[in-house]
Protein chains: 2
Amino acid sequence: MAAMTTAAQRITTAELMEAVAGVSSAFWIDFAAAAARHGLSATQGKALGAVLEPVPMRALAERLGCDASNVTGIVDRLESLGLATREAAAADRRVKIVTITPTGAEVLQAIRDDMSRAHRALESLDGEQRAALLAMCAQLLPLLKGEPA
Amino acid sequence: MAAMTTAAQRITTAELMEAVAGVSSAFWIDFAAAAARHGLSATQGKALGAVLEPVPMRALAERLGCDASNVTGIVDRLESLGLATREAAAADRRVKIVTITPTGAEVLQAIRDDMSRAHRALESLDGEQRAALLAMCAQLLPLLKGEPA
DNA sequence: TATTGTTATACTCTATAACTATA
DNA sequence: TATAGTTATAGAGTATAACAATA
């Protein structure tokens with residue numbers, strides 16, 4: 001057990017980066033394929049998942065990790081597909097709030113249900129592994145987002 | 001402890017999907033930002049990481065999760081930047097092998113070193129957590145890629 | 001003045017379909 | 001005939017810079 005711990009501490013950050021990169025890449029490839037089967041691009045699908053709660057355009061850009069100017073076009077397309085709506089905020093009329101439509105929520109759920117590889121992968125985890133994964137993600141996420149802690 | 005295990009088993013696949021999606025998204029946003037600081041797009045950076053070993057165009061498309069026709073342009077740009085080379089395979093002259101250049105390897109390393117958020121996140125893990133994360137990724141990756149097991 | 005969202009621009013990424021060279 | 005890579009095309013994503021409306 002002491003030997004195992006010693007060995008574990010030899011795992012470098014570079015190795016972890018590669019492992020996380022592999023999983024992250026495969027996850028998004030699965031997501032993009034599922035979105036495509038439902039007629040959406042990966043970005044459109046990701047945007048849909050980011051507006052389950054109403055969100056200002058600016059905040060949506062932040063969530064997507066892109067410039068605010070892109071969001072105009074992305075939301076234009078979602079709106080023309082009837083998957084999201086956009087309306088001025090009452091408090092500050094410069095701000096526009098994006099909201100998912102019932103149809104949009106259905107499509108998003110269908111995409112998520114259609115991620116067969118991700119489902120197979122995650123359903124292979126037992127209860128302890130699930131708890132460990134969730135705790136790991138909760139620890140990493142704020143740091144990956146650059147939040148204080 | 002029995003209570004903890006019971007609680008852990010209540011974690012749904014949907015919750016895990018959201019957690020993994022969040023971490024994956026934040027990881028790639030950090031990667032894209034680091035690549036941009038070195039003058040590359042996210043796709044170019046990802047492609048560079050996929051040709052550390054010489055790889056045929058077709059296999060590169062597979063790794064990037066995109067159509068083979070895209071790879072022509074992606075490698076064109078890497079080649080014009082002096083970061084990768086492309087040459088016909090001796091065994092089958094239809095096949096073209098993409099290889100990273102020494103400069104390309106340097107740029108890739110610089111990008112990885114520049115992922116400050118990912119580094120902070122992963123360096124927050126102790127030895128046991130590192131081993132757990134690596135094992136988790138090793139279990140998930142083949143399933144996410146759709147490999148038999 | 002500062003901020004939100006939009007537009008204009010140029011470039012990259014993307015899939016589809018048709019093409020070539022090789023097998 | 002089948003496969004690897006390319007080209008042509010059209011649409012979508014991307015950052016930059018300049019702009020209008022609102023604060």
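Val23(A), Phe27(A), Ala118(A), Ala121(A), Leu122(A), Val20(B), Leu140(B) and Leu144(B) form the lining of the second largest cavity, whose volume is about 40 Å³. A cavity here is a set of points, on a 1 Å grid over the protein atoms alone, where a 1.4 Å probe fits but cannot get out, and lining residues have an atom within 4 Å of a point. Grid points are joined across faces, edges and corners, and the volume is the space filled by probe spheres set on the points. The structure is a predicted model, in which local features need pLDDT of at least 70 and side-chain atom pairs count only at pLDDT 80 or more, while totals for chains, interfaces and linings use all residues. Residues are numbered from 1 along each chain as its sequence is written, chains are lettered from A and ligands numbered from 1 in the order in which they are written, and side-chain values use heavy atoms, with hydrogens and water left out.

Helix 7 of chain A gives the most to this lining, with three residues, and the lining divides into eight nonpolar, no polar and no charged residues. In this scheme Ala, Val, Leu, Ile, Met, Phe, Trp, Tyr, Cys and Pro count as nonpolar, Asp, Glu, Lys and Arg as charged, and the others, Gly among them, as polar. Helices are DSSP runs of H or I with at least four residues, numbered from the N terminus.

The count comes to three cavities of 30 Å³ or more, and the largest has a volume of about 140 Å³. Of the 14 residues that line the largest cavity, Val23(A), Leu133(A), Cys137(A), Val23(B) and Leu133(B) are the closest to its centre. Helix 2 and helix 8 of chain A, together with helix 2 and helix 8 of chain B, each supply at least two residues of that lining, which has twelve nonpolar, two polar and no charged residues.

Turning to DNA strand D, 22 residues surround it, the closest being Asp67(A), Asn70(A), Arg77(A), Met57(B) and Arg58(B); a residue is near the strand if one of its heavy atoms lies within 4 Å of it. Sugar and phosphate make up 66% of the atoms of DNA strand D that come within 4 Å of the protein. Phosphate oxygens of the strand lie 2.5 Å from a polar backbone atom of Asp67(A), 2.7 Å from a backbone N or O atom of Arg58(B), and 3.0 Å from an N or O atom in the side chain of Arg86(B). The largest share of the surface near the strand, four residues, comes from helix 5 of chain A, and by class this surface has six nonpolar, seven polar and nine charged residues.

Over all chains the structure holds eight salt bridges, a salt bridge being a side-chain nitrogen of Lys or Arg within 4 Å of a carboxyl oxygen of Asp or Glu. In one of them, the side chains of Asp114(A) and Arg37(A) meet with N and O 3.0 Å apart. This pair links distant parts of the chain, 77 residues apart, with Asp114(A) in the loop between helix 6 and helix 7 of chain A and Arg37(A) in helix 2 of chain A. Asp114(A), at 24% relative accessibility, counts as partly exposed, and Arg37(A), at 49%, is partly exposed as well; buried means under 20% relative accessible area, exposed over 50%, and partly exposed in between (1.4 Å probe, protein chains only).

Notes
A polar contact is a pair of N or O atoms within 3.5 Å; within protein, one must be able to donate a hydrogen and the other to accept it, and residues adjacent in sequence count only if both atoms are side-chain atoms. On a 1 Å grid over the protein atoms alone, a cavity is a set of points where a 1.4 Å probe fits but cannot get out, and a pocket is an open set with protein on both sides within 12 Å along at least five of seven lines; lining residues have an atom within 4 Å of a point.
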